[in-house]
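Please open the model in the viewer and follow the selections below in order. Each stop names what to select and then describes what is found there.

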Amino acid sequence: MWLKRISIVNYKNLEQVELTFSPKMNCIIGKNGMGKTNLMDAVYYLSFCKSATNPIDTQNILHDRDFFVIQGSYATDTGDPEDIYCGLKRKAKKQFKRNKKEYQRLADHIGLIPLVMVSPADACLIAGGSEERRRFMDVVISQFDREYLEALIRYNKALQQRNTLLKAEVEPEPELMQVWEEMMAMTGRTVYEKRRAFIDEFIPVFQSYYAYISQGSEQVSLAYESHAERGDLAALLLECRQRDRIIGYTTRGVHKDELVMQLGDFPIKREGSQGQNKTYLIALKLAQFEFLKRTGSRTTPLVLLDDIFDKLDASRVEQIVKLVSGDSFGQIFITDTNRDHLDKILQKTEGDYRLFTVEDGEVKE
């Protein structure tokens, strides 16, 4: 899959942008705060029906405007056209259309245009709470496994209902609690098993990318932990029901799953340098790319690399440049404030490329 053209109106600081892209390499240069990341975010929005940086849709509308529109014209790996439209007006429902036909559920769009984005915001994967690492698993698996996405949606609905009952002033009826706990147990088992299968297959791919970028200078690991490993989730929820009632929320379940990230024998959060943390994150995302490419629809994902070279030494930058310039990658978008980095990449790019500059929300080729 590759994005041929994009049209953006009133999205963040991008008032009106019309661009045609290369099927291979697209480099975007500009100072910080000019709109580079907003352009990348618009591309991300067309894949995930939401912003990567701000979940409140109306806050993504340009100040003093009443709406935003993002439209993308794509070509599949076999050359078939796909036209995606997204429009949002203040105080109105968001519209998302594929080939002029509106989706009834936004979830039905997820996975059509697989995409991997690497950005400075990914630092929260290491430094943030466990919800960030669960979101990483969810974003990957949901793009190729519809059953997983459906189970996750139903689990979260049941979790929300159970939490509402736990917070209620009146003691909830045991039978009603049991209904939601059984739904959590059934859908939670599906979520757990698919996360486990994914991580088991994902780990060696991730480790091979880290070894390549670091040239074997460090060992890294990734481990998945879940309450579902302890047995039946329904029994576990029943066991902790009274304690959860006192606390006011559900303390057990797959919504508490964790990914343990280590450098050597220690948590990378504690032991990793800025360069090692950055390498770890980039290896995670490149492994995500390879995994998506060979699963599901077998469509080559778009890759968005937003300001990734900061804090990396020259040898690691060189290894990343070799990787993304290779034939295994499809369409790539790279942003940087440093023209030197982009020139090095373009020197190694034998195929088509385009270079864009961004200044105060205006994008020029």
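In which helix is I247 found? Select residues 241-247: this segment is helix α7, and I247 lies within it. The model is a predicted one.

Keep I247 selected and display its surface. The relative accessible area of I247 is 40%, so the residue counts as partly exposed, a class that lies between the cut-offs of 20% and 50%. Next, add I246 and Y249 to the selection. Together with I247, these residues form a nonpolar patch on the surface, and their combined accessible area is about 330 Å².

Now move to the strands. Select β9 (220-225), then β10 (residues 258-263), then β11 (266-267). These 3 strands make up an open sheet, ordered β9-β10-β11, with antiparallel pairing. At its edges are β9 and β11, each of which pairs on one side only. Between β9 and β10, the antiparallel pairing extends over 6 bridges. To inspect one position, select A223 and V260: V260, in β10, is the bridge partner of A223.

Finally, zoom out to the whole protein, which has 11 helices and 15 strands. The C-alpha trace spans about 65 × 50 × 40 Å along the principal axes. A compact globule of 365 residues would have a radius of gyration near 21 Å, and the 22 Å of this protein agrees with that value. Colour by accessibility: buried residues make up 54% of the 365. The exposed area is about 17200 Å², of which carbon and sulfur atoms supply 48%. Among contacts with a separation of 6 or more, 72% are between residues 24 or more positions apart.

Terms used
Residues are numbered from 1 along each chain as its sequence is written. This is a predicted model: local features need pLDDT of at least 70, side-chain atom pairs count only at pLDDT 80 or more; totals for chains, interfaces and linings use all residues. Side-chain values use heavy atoms; hydrogens and water are left out. Patches are made of residues with over 30% relative accessible area and no salt bridge: like charges are joined within 9 Å, nonpolar side chains (Val, Leu, Ile, Met, Phe, Trp, Tyr) within 5 Å. Accessible areas come from the Shrake-Rupley method with a 1.4 Å probe; for residues, only the protein chains shown count as cover. A salt bridge is a side-chain nitrogen of Lys or Arg within 4 Å of a carboxyl oxygen of Asp or Glu. Helices (H or I, at least four residues) and strands (E, at least two) are DSSP runs, numbered from the N terminus. Buried means under 20% relative accessible area, exposed over 50%, partly exposed in between (1.4 Å probe, protein chains only). The radius of gyration is taken over C-alpha atoms; the globule rule is 2.2 Å times the number of residues to the power 0.38. Contact means heavy atoms within 4.5 Å. Two strands pair if DSSP finds at least two bridges between them.
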